[in-house]
Amino acid sequence: MKKKNIIGICGSASRNSTNLSILKWISETVKFDFNLEIIDDLSKLPHFKTELTDKNVPEQVDAFRDKIENSDGIIICTPEYVFSIPSGLKNMIEWCVSTTVFSDKPIGLITASASGEKAHEELKLIMETIQAKFSEETTLLIQGVKGKFEKNGKISDKNTEIELQKFVVSFDKWTEQTAGNKDKNNA
Ligand SMILES: Cc1cc2nc3c(=O)[nH]c(=O)nc-3n(C[C@H](O)[C@H](O)[C@H](O)COP(=O)(O)O)c2cc1C
C-alpha cells in the first residue's frame, strides 16, 4: 500500500523547539504508516501582503500551498506565544486563506506549551474557519511541555507518550475516514 504523505508544521520560532521534537517523535513512531515531511522554519515564508495573494504570489508561498494541497493530511504542532498562536504560523495561514488548500484536509492539532489553552482554542477556531477537518481525537493540548521532555528531545513523561501514541493512531484513522472528501464535495 502506498504510504500517506503527511506534512508536519512546527509553529515554534525556536531552533531548540520541543514542538519540533514532538514532530520528530511522530515521524519515528509512524514511519511504517506514513511519511511525515516536517516544515520547521516558517520564517522562510515572506510577510503576508494582500496585494500578492492571487497575482505575483511569491515562489515560496506557491510551493508551500502546493505542498499542502497535494498532501494526505497535516499535523500542526505549536507553542502559544503571548496567549495566541505564533506570528509565523498565523502568517502561513493568512497566505492560505484565499485558497482552498486546507478545505476538507484532515488535520491534527497539537498545542504544546507552558499553558497553551488560548492558542489551542484559537487554532481550532481558525482551522474550522478555513474548513480543515479535525476531530476531538485529533487535537491534543500538552501543558507544561518543557518539563515533559529531556534536553535531547526525548519524552520523559510516560503519560505524554501515551497521549501522543493515541493521537497518532486517531490521526492515522482520521486520514482514512476523510480521504477523498474534497473530491466528493466538489463533485
Ligand atoms: C515570545 C514568547 C511568548 C510566550 N508566551 C507564552 C504564552 O502566552 N503562553 C504559554 O503557554 N507559553 C508562552 N511561552 C512559552 C512557550 O510556551 C514555551 O517556551 C514553549 O516550550 C515553546 O515551545 P518550543 O519549545 O517548541 O519553542 C512564550 C514563549 C515565547 C518565546
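This section describes the β-sheet of a predicted model and a surface patch that follows one of its strands.

The sheet is open and consists of five strands arranged in the order β2-β1-β3-β4-β5, with parallel pairing. Its edges are formed by β2 (34-39) and β5 (139-143), each of which pairs on one side only. On average, neighbouring strands of the sheet are turned by 15° against each other, direction ignored. Strands of a sheet pair through backbone hydrogen bonds, either parallel or antiparallel.

On one side of the sheet order, β1 and β2 run parallel and are joined by six bridges. Within this pair, Ile6 has Leu36 of β2 as its bridge partner. Strand β1 (residues 4-10) also pairs with β3, in the parallel sense and over five bridges; here Gly8 is matched with Ile75 of β3.

Strand β3 pairs in turn with strand β4 (residues 107-113), again in the parallel sense and over five bridges. Thr78 has Thr111 of β4 as its bridge partner. The connection from β3 to β4 passes through α3, and this β-α-β crossover is right-handed. Strand β4 pairs with β5 in the parallel sense, over five bridges, and Thr111 has Leu141 as its bridge partner in β5. The chain passes from β4 to β5 through helix α4 (residues 117-129), in a β-α-β crossover that is likewise right-handed. Thr111 thus appears in two bridges, with Thr78 and with Leu141.

The burial of β3 was examined next. Six of its six residues are buried, and the strand is mostly covered. In a regular strand the side chains alternate between the two faces of the sheet. In β3 both faces are covered: Gly73, Ile75 and Cys77 are buried on one side, and Ile74, Ile76 and Thr78 are buried on the other. Two of these residues also take part in the bridges described above, namely Ile75, the partner of Gly8, and Thr78, the partner of Thr111.

The loop between β3 (73-78) and α3 (87-96) contains Phe83. Phe83 has a relative accessible area of 60% and is therefore exposed, the cut-off for this class being over 50%. Together with Tyr81 and Val82, Phe83 forms a nonpolar patch on the surface, and the accessible area of these three residues together is about 360 Å². The buried residues of β3 are thus followed along the chain by a loop that holds the exposed Phe83.

How values were computed: Residues are numbered from 1 along each chain as its sequence is written. This is a predicted model: local features need pLDDT of at least 70, side-chain atom pairs count only at pLDDT 80 or more; totals for chains, interfaces and linings use all residues. Side-chain values use heavy atoms; hydrogens and water are left out. Patches are made of residues with over 30% relative accessible area and no salt bridge: like charges are joined within 9 Å, nonpolar side chains (Val, Leu, Ile, Met, Phe, Trp, Tyr) within 5 Å. Accessible areas come from the Shrake-Rupley method with a 1.4 Å probe; for residues, only the protein chains shown count as cover. A salt bridge is a side-chain nitrogen of Lys or Arg within 4 Å of a carboxyl oxygen of Asp or Glu. Helices (H or I, at least four residues) and strands (E, at least two) are DSSP runs, numbered from the N terminus. Buried means under 20% relative accessible area, exposed over 50%, partly exposed in between (1.4 Å probe, protein chains only). Two strands pair if DSSP finds at least two bridges between them. A crossover is right-handed if, with the strands pointing away from the viewer, the path from the first strand over the helix to the second runs clockwise. Axes are lines fitted to C-alpha atoms, for helices over the stretch in contact, and angles run from 0 to 180 degrees between N-to-C directions.
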